[in-house]
Amino acid sequence: MSNDAEVVVIGAGFAGLYMLHRLRSLGVGAHVLEAADGVGGTWHANRYPGARCDSESYYYCYSFSPELEQEWAWTERYPGQAEILSYLEHVADRFDLRRDISFSTRVTGAHRDGERWVVETDRGTWTCRFLVTAVGCLSSANVPDIPGLETFTGEWHHTGRWPADGVDVTGRRVGVVGTGSTGIQAIPVLAESAGHLTVFQRTANFSIPARNAPLPPEEAAAYKDDYAAIREVQQASTNGHPFVVSEVDVLALPDDERRDLFERAWERGGLRFRAAVRDVLTDEAVNDTASDFLRAKIHEIVDDPATAETLTPRDHPFATKRPPIDTDYFATYNRPHVSLVDVRADPIAAITPDGVRLASGAEHPLDVLVFATGFDALSGPLLRLGLRGADGQELADAWAEGAATYLGLGIAGFPNLFTITGPGSPSVLTNMPTSIEQHVDWIADLVVHLRDADLDAEPTPEAQERWAEHVREAADATLLPRAASSWYLGANVPGKPRVFLPYAGGFARYRRICDAEAEAGYPGFALR
Ligand code: N01
């Protein structure tokens with residue numbers, strides 16, 4: 001016998017929790033299926049040392065409840081994984097969400113049976129009229145297929161599936177593969193206790209100091225007083241952050257003023273660095289000034305000139321790959337027990353029982369190997385759900401040439417399926433809770449509309465194609481596609497079609513497009 005709900009939501013992270021709450025408040029019955037044994041999504045899974053959000057705490061949170069905004073007290077400028085997880089657990093309790101969530105329940109497939117979805121899980125079957133995916137953009141771990149991994153006699157972990165009870169690296173020989181946002185957060189913390197830390201770097205990365213610190217109570221109180229205005233700025237912004245991009249034309253400044261400007265932005269730290277001057281992502285000459293400043297910083301911080309040069313990104317403009325922010329990342333390479341290996345120059349050939357062997361034959365013995373190697377982003381979490389569309393078509397076949405959606409919210413051929421922050425949405429280019437709330441509200445309104453009118457909906461192929469074209473244009477209007485190894489393009493996963501996945505046209509513009517779609521009666525959807 002199967003369970004039934006009007007809406008089944010897959011995932012109980014930021015997106016799934018709010019989806020459930022929003023549907024309930026509109027009188028729509030919903031049930032959430034969650035593979036993990038608790039709420040939190042990415043913040044339940046990513047428990048690696050140093051895991052912390054790159055958005056500031058006062059706005060990396062929900063805005064839908066003014067009471068929640070007032071009662072929750074963030075303790076640090078950038079919230080750590082444990083604090084965000086506590087916040088989401090509090091949300092689940094405060095809004096009594098757990099009674100409609102099945103934990104430890106992994107979706108293994110979903111297909112259409114007449115006008116309903118049949119959702120199979122490892123703990124029984126659910127049927128529903130509407131299926132909403134809230135599976136995140138970065139939840140499908142990318143573990144490189146390196147020969148010999150199964151022979152390794154030490155322990156290995158991917159950062160996105162870190163054991164809940166931690167990994168003791170005290171005094172041990174630790175290797176980290178990957179220097180994206182995750183590796184850059186984890187490396188300084190692992191270095192605190194590892195006996196020796198070896199970083200295997202394929203692509204050097206820009207990084208800005210986070211300047212994390214305890215959040216002074218008076219500052220926290222000021223944010224609470226100002227939430228209405230803060231939220232307005234977020235809604236009108238390009239990235240869902242509550243700060244506006246500066247109007248300063250850095251090319252018009254004399255060298256010393258330019259340097260001072262970047263110095264002040266560096267001192268302030270965090271993602272705001274990118275907003276310190278205009279056109280960083282659209283004008284190569286502007287980007288060069290920021291990139292050169294950051295390259296010089298690496299050489300200032302890192303004592304050994306050869307190590308500094310290996311750490312210096314030369315193959316992509318600043319912020320065309322998601323810019324990490326860090327605490328003492330580059331300075332960590334000045335510690336005597338930390339070494340850097342350039343695996344672009346000398347690639348990893350194999351994992352041996354004792355550690356890592358490079359193409360040159362060099363051996364790096366290890367006790368613990370950490371893969372900070374990222375994710376099969378945006379499309380990966382959806383592909384692994386085993387979704388089949390109206391005519392039984394597998395999503396993997398529909399997306400053989402690359403992920404395609406309408407607005408990142410729905411997929412042609414998949415009726416009554418809605419995807420929170422799917423490929424083609426601004427998602428990962430924005431502050432995620434802001435994008436998630438916008439998607440959830442929009443999907444909930446559509447579900448109510450369909451329920452009241454007794455209609456089903458799926459994007460038309462024409463609307464989907466138009467959107468794909470617009471997503472391409474939006475990316476091409478920026479420098480973003482210039483980073484050849486970027487996960488935005490799917491370049492980090494061997495064999496993945498190269499399609500620029502997120503929508504780079506800006507959050508405010510995207511929101512207006514979605515609002516217009518709803519106001520016009522959903523012309524991009526076939527309603528029947
Ligand atoms: O993953 P990544 P991540 N051999 O894909 C390397 C978000 N996030 O987990 O660049 C050797 O960025 C790979 O090299 P290359 C944030 O949006 C948010 O760090 O492909 N190396 C790269 O260096 C972020 O962007 C927070 O050449 C290999 C690294 O592994 C996103 O998550 C915190 C390799 C992977 O970097 C993903 O970040 C952390 C191989 N075979 C992360 N395969 C917040 O604060 C891959 N690499 C919210």
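**Helix H4**

Select residues 81-94 in this predicted model; they form helix H4, whose 14 residues reach 20 Å from the first C-alpha to the last, close to the 20 Å expected at 1.5 Å a residue. Colour Gln81, Glu83, Ile84, Leu85, Tyr87, Leu88, Val91 and Ala92, which are buried in H4. In an α-helix there are 3.6 residues a turn, so residues three or four places apart point the same way. Next, display helix H1 (14-25), helix H2 (42-45) and helix H3 (66-71): the buried residues of H4 pack against these elements. Just after H4, stop at Asp96, where phi is positive, at about 50°.

**Aromatic cluster and nonpolar cores**

Keep Tyr87 on screen and add Phe14, Tyr18, Trp43, Tyr60, Tyr62, Phe64, Trp72, Trp74 and Phe95; together with Tyr87 they form one aromatic cluster.

Tyr87 also appears in the largest nonpolar core, which has 102 residues; Tyr87, Val119 and Leu131 touch the most other members. To see which helix gives the most to this core, select residues 432-453: this is H14, with 10 residues in the core. Apart from this core lies another, of 26 residues, including Val176, Ala186, Val302 and Ala308.

Centre the view on Val119 and show its contacts beyond four places in sequence. They are Val8, Leu33, Val107, Gly109, Ala110, Gly124, Thr125, Trp126, Cys128 and Leu131.

**Cysteines 61 and 137**

Select Cys61 and Cys137 in turn. Cys61 is buried, with a relative accessible area of 4%, and Cys137 is buried as well, at 3%. Why does the sulfur of Cys61 form no bond with the closest cysteine sulfur? The closest one belongs to Cys53 and is 10.0 Å away, which is too far for a bond. For Cys137 the closest cysteine sulfur is again in Cys53, at 14 Å, also too far for a bond. With a cut-off of 2.5 Å between sulfur atoms, the model has zero disulfides.

**Helix H5 and Val189**

Move to residues 181-193, helix H5, and pick out Val189. This residue is partly exposed, with 36% relative accessibility. Beyond its neighbours within four places in sequence, Val189 is in contact with Pro49 and Gly50. A distance drawn from the C-alpha of Val189 to that of Gly16 reads 31 Å, for two residues 173 places apart along the chain.

**Tyr406, Phe525 and Gln464**

The model contains 32 aromatic pairs. One of them joins Tyr406 and Phe525 in an edge-to-face arrangement, 5.6 Å centre to centre and with 65° between the planes. Which parts of the chain does the pair link? Tyr406 lies in the loop between helix H13 (395-398) and strand E17 (417-419), while Phe525 belongs to strand E19 (residues 525-527), 119 residues apart. Both Tyr406 and Phe525 are buried.

From Tyr406, go on to Gln464, which has its place in helix H15 (residues 461-476). Gln464 is buried, with a relative accessible area of 12%. Residues up to four places away in sequence aside, Gln464 touches Ala404, Thr405, Tyr406, Gly410, Ile411, Ala412 and Pro459.

**Helix H16**

Select residues 507-519. This is helix H16, with 13 residues and a reach of 18 Å from its first C-alpha to its last, close to the 18 Å expected at 1.5 Å a residue. Its buried residues are Phe507, Ala508, Tyr510, Cys514 and Glu517. Add helix H7 (227-235), H14, H15 and E19 to the display, as the buried residues of H16 pack against these. Beyond H16, find Gly521, whose phi is positive, near 85°.

**The loop between H15 and H16**

Finish at Arg482, in the loop between H15 and H16. Is Arg482 buried or partly exposed? Its relative accessible area is 40%, so Arg482 counts as partly exposed. Show Glu284, Asp315 and Pro317, which Arg482 touches when residues up to four places away in sequence are not counted. Arg482 and Asp315 are 167 residues apart in sequence, and their C-alpha atoms are 9.0 Å apart in space.

**Confidence**

Finally, colour the model by pLDDT. The protein has a mean pLDDT of 97, and 100% of its residues reach 70 or more. The scores for the model are ipTM 0.99 and pTM 0.98.

Conventions:
Residues are numbered from 1 along each chain as its sequence is written. This is a predicted model: local features need pLDDT of at least 70, side-chain atom pairs count only at pLDDT 80 or more; totals for chains, interfaces and linings use all residues. Side-chain values use heavy atoms; hydrogens and water are left out. Buried means under 20% relative accessible area, exposed over 50%, partly exposed in between (1.4 Å probe, protein chains only). Helices (H or I, at least four residues) and strands (E, at least two) are DSSP runs, numbered from the N terminus. Contact means heavy atoms within 4.5 Å. A nonpolar core is a set of buried Ala, Val, Leu, Ile, Met, Phe, Trp, Tyr and Cys residues joined through side-chain atoms within 4.5 Å. pLDDT is the predictor's confidence in each residue, from 0 to 100. The expected span of a helix is 1.5 Å times one less than its number of residues. Rings of Phe, Tyr and Trp (its six-membered ring) pair if their centres lie within 6.5 Å; planes under 30 degrees apart count as stacked, over 60 as edge-to-face and the rest as tilted.
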